[in-house]
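Biologist: Could you walk me through this one with me asking how you reach each label? I would like to see the reasoning behind the words.

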Amino acid sequence: MQNRNVIRIFAIIFAIVCLYQLSFTWVADGVEEDAVAYAADFNEDEREAKEKFYLDSINSEEVYDILLTSYTYSECKQREINLGLDLKGGMNVTLEVMVIDVVKALSNQNKDEAFNTAIANTLKAQEDSQDDFVTIFGMEYEKVAPAANTGLSAIFSTPDLRDKIQFASTNQEVIAVLAIEVEDAISRSFNILRSRIDRFGVTQPNIQRLETAGRILVELPGIKDPERARKLLQSTAQLEFWETYEYRELFEGLELANAYLRDVAEADTEEVIDGEEVIDGEVAEVAEVEVVEEEVSEEAVDLLAEIEADTLAADSAANSLSFEEFAAENPLYAVLYPNVDQQNQLREGPVVGMCAVKDTAALNVYLNDDAIRKFFPVDVKFAFTVKPYDPDGKFVQLVALKSDRNGKSAMEGDVVTDAVQTFGQFASSAEVSMEMNAEGAKQWKRLTAENISKSVAIVLDGYVYSYPTVQAEIAGGRSSITGNFSVNEAKDLANILKSGKLPAPARIIEEAIVGPSLGEEAISSGLTSFMFALLLVLVYMIFYYNGAGVVSNIALLANIFFIFGVLSSLGAVLTLPGIAGIILTIGMSVDANVLIYERIREELKNGKGMRLAIADGYNSAYSSIIDANVTTLLTGIILYTFGTGPIKGFATTLIIGILTSLFAAIFITRLVISARLNKGKSISFSTKLTDGAFKNINIDFIGKRQRFYVLSAIIVLLGVGSLVTKGLNYGVDFVGGRTYVVRFDETVDNEKLRSALTAVFVDADGLNYAPQVKTFGDDNQVKITTSFMIESSEITTDEIVESKLSEGLATTGFQYEVMSSQKVGPTIADDIKDAAVWSVFFSLLVIFLYILVRFRKWQFSLGAVVAVFHDVIIVLSIFSIFYGILPFSLEIDQAFIAAILTIIGYSLNDTVVVFDRVREYMNDNKKKGVHELMNGALNSTLSRTINTSLTTFVVLLIIFIFGGEVIRGFMFALMVGVVVGTYSSLFVASPIMLDTIKKKEEKSKRK
């Protein structure tokens, strides 16, 4: 093998990189095991909180040293393999910014009849269009008011847009301005949501903008309170301007609060039972916080140096006091480090101290205690800065705000009309220019006049983003905010200031929640099926190919290692369908080795020596391997492009698996075999039982093609009849709605439960919504599907539906747990349906073109596409005929579309291998008839067809049995696809290609 050393070096480097990437997962898991061990000494109901507390305390500590550099626990978590929400539980939400509200606000809620008619028509047209709201609105307005070329300018020439839209502006010019304003509103919503998700206290949250305009995906692993998450994600941004207190004004109150906490701790009676403190009396909550701080704040003294503040704690440390001793003397200052300079003098400004991020909850407990609040003015409010104060991200500042007599801010943010990042007139530093409307200018003038030389805090959603100092009274509503801003910081602040300009709420249009127990079960079932499938394939390869089977097993294990390494390095998410994709890859990766080994066996049968047979076997198999895997790769790419969530995870692992399996099967096996031969050792490619398998087979596949045409036609006609009369069982992905998987402690009567839920699912018009209730897996587990209130966009809708669901479930009298839930709004359901159709269409088109380019005959492309279309129709037909009959879900959802595309790829894999052999025979035996050549190709590849199909089918069967109810329908579709795909490659694709070639030849003869 040429370039053997290069390949060997690449393989070693690739393995080292994968090992390096996977090591972060191993280290992070080790830290989490330490957290479990730490929490084991506490009561069961405290353990979860203690584990989180331990991990928070070590979050910024170095836990992994590789000599050249070191990594903190947080950095290791960022680099570990990401588990999908279906494996670890959590919440997946797609939000859509309500552009209609933005457009109406830009018009100042204009009552113009044509405008409002166009808005209503836009909402209807958007259901069947992929264009954005503003573009459709422009077209609909032209329909409603075709003669009003400048009609929109009169509607949108408001005070806020006076600099951008004039009365003479054309409709096209106004639409262009609206598009920019809406995009700004969406960007602001995204930035606000990005800042909010960090407050949920979950590990590795994710937020990203989707390609569809105005849609945002949010993933919250391990979320404990979905309802709180919904409210926070869907609430409109609250931008406020607050007056502030100076630190020196509150210093005495802080000292009194610290002394009070110390006196309480000393006076309170403590009882020690079994080594645990039991706190009596009213101060139990405060005392509990003290104990926690003593446990985890050992690093406080060292951290003080990082923020360059000589606090009381630092002085005590210098006097040889331990942190525990200092905390006992100064409970408040143990979590709030005073804002003093190096001379221990109080600093100017509203910052009263710095708090470690991990201690913010404890500090809030102190500051919200009524006994402590009495030491401060009644109008003081405390708020943390949104960004950490120090470079390492360990500390935030605590700012003292001053409320008005009603307990509110001095000004609301809706008076801001614009804010942009600029550069100072006499300086090159970035600053923010802000403009307000007339009412805001009056309020701002009064506020700045009353707070000269004091700070005004800019607060969004309860967090302080900036607290600039007022230099002078500001009239006219135009202000410049200066500071040591970077350009990006100034842009961020400008965006924050504009967030109060327009109401741009986001509404949940798709949601999936997986409970932690279901996630644990998914991991268990996924690993079980993975190990069974792997073991079976390893044993089978040794049984069939003897020593060469051992070599392929080495390559297979290396392939799995590479897949996980690449997943980790790319930061890709491993989902349950992703595990299925890896297992499917195991079955399909055997195919490359089977192709090579069967070729080698043919060469040995023809009398060639071992080395020459191996060389020729590899060279002859390359074409088939590349063609077969490229077709599957193309369908994987299309699936990745059109899929979302877990389906994209399946496509990711499938694509990675195809690429790594090619490398492992072709190069690693060749290196191992060559190394063995170079040492003078032999290698066998069969056992006594398999040596003569599939030899001298001469089945007349082509001669019997008419019978199989009839068989296929009967099956397809029956299926089409079922599709027309019975239809398909569409899931909520395609029709919209909500589904809940509920597990009871006893078997329930589905019909009684359906009646109970129908009675409570009643809308405002008195209309009842009868849900579907089906057994899902075990007899005590049901899947409930309903369209109740799915059209409503109110924030409280989900809460109402879940309340009604609980009311209906309670009628059973059994204990229950909602294992998972899913919500798909009507709009996104239409988009999913469109994406499914386009993905299948593009798959067929790409396949047709690829085969046309590779084989240079349209007959090959036609045979392949007809076979694939045949397979898809039959799978759809089986799902139509058997849904409601088989004891598992046969819903048509996104997972089913993923299965269809995988079937397309697999069927093509099979067909292309046969076509490659046909092409080879045609080139080598031009005198033989096409009929004879075709039969020879089919018979010569039969061993590979049976081996690959059998291993893949059995692997899928194992996942079907052990993989859990969630992916059982998905696996069933793939199993049917493997059987039908194998059938079509033998009895549909090749015969159709033959018949079209013969017809062409007959026409040529007539001419």
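Modeller: Happily! A residue is called buried when its relative accessible area is under 20%, exposed when that area is over 50%, and partly exposed in between. Please keep in mind that this is a predicted model.

Biologist: Then why is Val955 called buried?

Modeller: The relative accessible area of Val955 is 1%, and the cut-off for buried is under 20%, so Val955 counts as buried. This residue belongs to helix α33, which covers residues 942–962. Val955 and Phe532 are 423 residues apart in sequence, yet their C-alpha atoms are 8.3 Å apart in space.

Biologist: What makes strand β24 largely enclosed by the rest of the structure?

Modeller: Strand β24 spans residues 781–786, and six of its six residues are buried, so the rest of the structure largely encloses this strand. Gln781, Lys783 and Thr785 point one way, while Val782, Ile784 and Thr786 point the other way. That fits the general pattern, because side chains in a regular strand alternate between the two faces of the sheet.

Biologist: How do you know that β22 and β23 pair with β24?

Modeller: Pairing needs at least two bridges between two strands. Strand β22 (residues 737–744) is joined to β24 by six bridges, and β23 (residues 772–775) is joined to β24 by four. Both counts meet the requirement, so each strand is paired with β24. The sense is antiparallel for β22 and β24, and also for β23 and β24. Within β24, Thr785 is the bridge partner of Thr739, and Lys783 is the bridge partner of Lys774. The hairpin of β23 and β24 has five residues between the strands, and there Gly777 takes a positive phi near 90 degrees.

Biologist: What makes β15 and β19 edge strands?

Modeller: Each of them pairs on one side only. They belong to an open antiparallel sheet of three strands, in the order β15-β16-β19. From one strand to the next, the twist averages 20 degrees. Seven bridges link β15 to β16, and Val432 in β16 is the bridge partner of Gln421.

Biologist: Which helices accompany these strands?

Modeller: Helix α18 (residues 438–450) packs on the sheet and touches β16 and β19, with its direction at about 115 degrees to that of β16. Helix α19 (residues 487–498) lies across β15, β16 and β19 and runs at about 175 degrees to β15.

Biologist: Why is the contact of Glu920 with Arg599 called a salt bridge?

Modeller: The label requires a side-chain nitrogen of Lys or Arg within 4 Å of a carboxyl oxygen of Asp or Glu. For Glu920 and Arg599 the N to O distance is 2.4 Å, so the pair qualifies as a salt bridge. Glu920 lies in helix α31 and Arg599 in helix α22, so this pair ties together parts that are 321 residues apart in sequence.

Biologist: Are these two partners buried or partly exposed?

Modeller: Glu920 has 26% relative accessibility and so counts as partly exposed, whereas Arg599, at 6%, counts as buried.

Biologist: What about Lys608 and Glu603?

Modeller: Their closest N and O atoms are 2.8 Å apart, and they form a salt bridge. Lys608, at 31% relative accessibility, is partly exposed, while Glu603, at 10%, is buried.

Biologist: How many salt bridges does the structure hold?

Modeller: There are 32. Another of them joins Lys77 and Glu80, with 2.6 Å between the closest N and O atoms, and both of these residues are buried.

Notes. Residues are numbered from 1 along each chain as its sequence is written. This is a predicted model: local features need pLDDT of at least 70, side-chain atom pairs count only at pLDDT 80 or more; totals for chains, interfaces and linings use all residues. Side-chain values use heavy atoms; hydrogens and water are left out. Helices (H or I, at least four residues) and strands (E, at least two) are DSSP runs, numbered from the N terminus. Axes are lines fitted to C-alpha atoms, for helices over the stretch in contact, and angles run from 0 to 180 degrees between N-to-C directions. Contact means heavy atoms within 4.5 Å. Buried means under 20% relative accessible area, exposed over 50%, partly exposed in between (1.4 Å probe, protein chains only).
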